[in-house]
Amino acid sequence: MIRVLASLSLVLCLSVLGAAQQTGLTDDMIRSAEREVPQLVDLLELKPGMTVADVGAGFGAWTVRFARAVGPTGRVYATDLGAPQLAALRQYVEKEKLTNVIVLEGAETSTNLPFTCCDAVLLRDAFHHLTRPEDMILSLAAALKPGGRLAVVDFPPRPNTEVPAGVPANRGGHGVPQAVVEREVGAVLTHVRTIPMWSSGNQSDLFLTLFRKP
Ligand SMILES: C[S@@+](CC[C@H](N)C(=O)[O-])C[C@H]1O[C@@H](n2cnc3c(N)ncnc32)[C@H](O)[C@@H]1O
């Protein structure tokens, strides 16, 4: 009996792990997105019918909640790099039966978003991965309508970590100092405010920097 129960729980564990690996979406991501998106909607001044982009959307937890927030008359662009990540994003959007999400392949130097398509853009946990930040900041700004808002959520370099491959060395490790985001993005967009403790789920050291296109 014990052996049968042990085998059953092993099968259950493996199928749960298999499902998690297939999508990569975690409960922690979903909980964080559920907690953050209402606050992001306020900060980004999003209303139903507006267009928002989730750049470096990962597995789409924020994309899906933005899509619900802007409603069927609104639109969400979700971008990332590489076919497997884009497939995972599309799969989650389809599973949630959302018809107002456009998944786009981004690039190293460009969001590939249409010019002035967006009332707002979120770049979450992705700025410190940008290998060509100057080009991407110009591209992010080009995607915003005049008066549009950009939120960059990231974390300071973690102690004893390496700067990710190809990323400028002034990040000082895996992460990016808040002052670097304010300075680099602030050279192109107007800095509105910084929330130093944007803690969420198992990421306890996040900050949020908010910008506006003049
Ligand atoms: C750590 S994940 C964060 C995903 C999600 N935003 C979140 O907060 O969970 C960073 C994502 O940014 C993507 N990324 C990095 N550079 C990018 C670029 N130039 N354009 C679009 N996505 C990019 C990576 O492929 C990765 O999926």
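**View 1. The ligand shell by residue class.** The shell around the ligand holds seven nonpolar, six polar and four charged residues. The model is predicted. Of the 17 residues around the ligand, G56, G58, G106, D125 and A126 come nearest.

**View 2. The open sheet.** Seven strands form this open sheet, and their pairing is mixed. Their order is β3-β2-β1-β4-β5-β7-β6. Strands β3 (101-105) and β6 stand at the edges with a single partner strand each, so one side of each has no neighbour in the sheet. From one strand to the next, the twist averages 20°.

**View 3. The β3 edge and its helix.** Strand β2 (residues 75-80) pairs with β3 in the parallel sense, over five bridges. One bridge partner to find here is that of V76: V101 in β3. Helix α4 (residues 83-95) lies across β2 and β3 and runs at about 175° to β3. Helix α5 (residues 133-143) also packs on the sheet, where α5 touches β1 (51-55), β4 (118-124) and β5. The direction of α5 makes about 150° with that of β4.

**View 4. Strand β7 between β5 and β6.** In the sheet order, β7 sits between β5 and β6. Strand β5 (residues 144-154) runs antiparallel to β7, and six bridges join them. D154 has F207 of β7 as its bridge partner. On the other side, strand β6 (residues 190-195) pairs with β7 over five bridges, again in the antiparallel sense. Here I195 has L208 of β7 as its bridge partner. Strand β7 (residues 207-212) is mostly covered, with five of its six residues buried.

Notes. Residues numbered from 1 in each chain as written. Predicted model: local features only at pLDDT ≥ 70, side-chain atom pairs only at ≥ 80, totals over all residues. Buried ≥ 20, exposed ≤ 12 C-beta atoms within 10 Å, placed from the backbone. Helix = DSSP H or I, 4+ residues; strand = E, 2+ residues; numbered from the N terminus. Pairing = 2+ DSSP bridges. Near = placed C-beta within 6 Å. Nonpolar A, V, L, I, M, F, W, Y, C, P; charged D, E, K, R; others polar. Axes fitted to C-alpha atoms, helices over the stretch in contact; angles between N-to-C directions. Contact = placed C-beta atoms within 7 Å.
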